[in-house]
Amino acid sequence: MSLVDLGKRLLEAARKGQDDEVRTLMANGAPFTTDWLGTSPLHLAAQYGHYSTAEVLLRAGVSRDARTKVDRTPLHMAAADGHVHIVELLVRNGADVNAKDMLKMTALHWATERHHRDVVELLIKYGADVHAFSKFDKSAFDIALEKNNAEILVILQVWFFLYSPEYTSIEVKDFFVGVESKLNFPYLIKIAFLILHI
């Protein structure tokens, strides 16, 4: 079998989440190739929610920040499709949480666009820039407002408040940053929301 065929089979095995097939193909010299859109095996595993396949590929050295022809990374794919467990796997393995695609959208923009609240929370926890603007001059907050997603709006409003010096005093920020590690995320959001609206 040619290297081209091995590469194509690796892409298909990653798309289907066939871990054993992925391992076998890599052991037989399958190259980390892409399809005509620049989609790598890790992009496909991330897009289709195949956690163990993504893990295998990361351990084998596939680039965690590989780019498609529209500059989307595996993190963009996982965030857009709501695969929170893969988002966490990627960021724990050093994926750039603020990488921008051709539309200058980050994973946070895509998670907000698709209403994936749990992904939004996780990305923020790992340092996603809530102030980042897309090519269309929209932040994740703007997208949540357009989509009328109240839950995500509150989450983004709190983090925008916490990390915008013009909106609050150092003492209030220090309080929230201090309790952030002691409280679970939803509880922190509720407290901050109440204080913001007093």
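## Salt bridges and loops in an all-helix model

Arginine 15 and glutamate 12 form a salt bridge, with 3.4 Å between the closest N and O atoms. This is a predicted model, so please read every value here as computed from predicted coordinates. The two residues sit three apart in helix α1 (residues 3-16), which means that about one helical turn separates them. In general, an α-helix has 3.6 residues a turn, so residues three or four places apart point the same way. Arginine 15 is partly exposed, at 29% relative accessible area, and glutamate 12 is also partly exposed, with a value of 33%. The pair does not stand alone: Glu12, Arg15 and Lys16 are linked in a network of salt bridges.

### The wider fold

Let us step back to the whole chain. The protein has twelve helices and zero strands, and its pattern along the sequence is α-α-α-α-α-α-α-α-α-α-α-α. Of its 198 residues, 45% are buried. Among contacts between residues at least 6 apart in sequence, 64% join residues at least 24 apart. The accessible surface comes to about 10,100 Å², and carbon and sulfur atoms account for 55% of that area.

A record adds some context. The UniProt annotation "repeat: ANK", from an unreviewed entry, covers residues 37-69, 70-102 and 103-135. In the model, the span 70-102 is 48% helix and 0% strand, with its end C-alpha atoms 5 Å apart. For residues 103-135, the end C-alpha atoms lie 5 Å apart, and the span is 48% helix and 0% strand.

### Charged pairs

How many salt bridges does the structure hold? There are ten. Three of them are set out here, with the N to O distance for each.

| Basic residue | Acidic residue | N to O distance |
|---|---|---|
| Arginine 15 | Glutamate 12 | 3.4 Å |
| Arginine 59 | Glutamate 55 | 3.7 Å |
| Arginine 114 | Aspartate 81 | 3.8 Å |

Glutamate 55 and arginine 59 are four residues apart in helix α4 (residues 51-60), and about one helical turn separates them. Glutamate 55 is partly exposed at 26% relative accessibility, whereas arginine 59 is exposed at 62%.

What does the salt bridge between arginine 114 and aspartate 81 look like? Their side chains meet with 3.8 Å from N to O. Arginine 114 belongs to the loop between α7 (107-113) and α8 (117-125), and aspartate 81 to the loop between α5 (74-80) and α6 (84-92), so the pair ties together parts that are 33 residues apart in sequence. Arginine 114 is partly exposed, at 38% relative accessibility, and aspartate 81 is partly exposed too, with a relative accessible area of 33%.

Aromatic rings offer another place to look. The structure holds zero aromatic pairs. Even so, arginine 72 lies over the face of tryptophan 110, at 4.6 Å from the ring centre.

### Helix α4 and what covers it

Helix α4 carries the salt bridge between glutamate 55 and arginine 59, and it also has a buried set made up of Thr53, Ala54, Val56, Leu57 and Leu58. Which elements cover these buried residues? The cover includes α1, α2 (19-27), α3 (41-47) and α6. Just after α4, glycine 61 takes a positive phi of about 100 degrees.

### Loop residues worth a look

Three loop residues round off the picture. Threonine 106 is found in the loop between α6 and α7. Is threonine 106 buried or exposed? At 2% relative accessibility, threonine 106 is buried, because the cut-off for that class is under 20%. Setting aside its neighbours within four places in sequence, threonine 106 has contacts with His76, Asn98, Ala99, Lys100 and Ala132. Its C-alpha atom is 9.6 Å from that of aspartate 96, ten residues away along the chain.

Lysine 104 also lies in the loop between α6 and α7. Although lysine 104 is not a glycine, it has a positive phi of about 60 degrees. Its relative accessibility is 45%, which makes lysine 104 partly exposed.

Aspartate 137, in the loop between α8 and α9 (140-146), is not a glycine either, yet has a positive phi of about 55 degrees. Aspartate 137 counts as exposed, at 59% relative accessibility.

Conventions: Residues are numbered from 1 along each chain as its sequence is written. This is a predicted model: local features need pLDDT of at least 70, side-chain atom pairs count only at pLDDT 80 or more; totals for chains, interfaces and linings use all residues. Side-chain values use heavy atoms; hydrogens and water are left out. Rings of Phe, Tyr and Trp (its six-membered ring) pair if their centres lie within 6.5 Å; planes under 30 degrees apart count as stacked, over 60 as edge-to-face and the rest as tilted. A charge sits over a ring if NZ of Lys or CZ of Arg is within 6 Å of the ring centre and within 35 degrees of the ring normal. A salt bridge is a side-chain nitrogen of Lys or Arg within 4 Å of a carboxyl oxygen of Asp or Glu. Buried means under 20% relative accessible area, exposed over 50%, partly exposed in between (1.4 Å probe, protein chains only). UniProt positions are given in the numbering used here, feature names are shortened, and annotations may be inferred rather than shown by experiment. Contact means heavy atoms within 4.5 Å. Accessible areas come from the Shrake-Rupley method with a 1.4 Å probe; for residues, only the protein chains shown count as cover.
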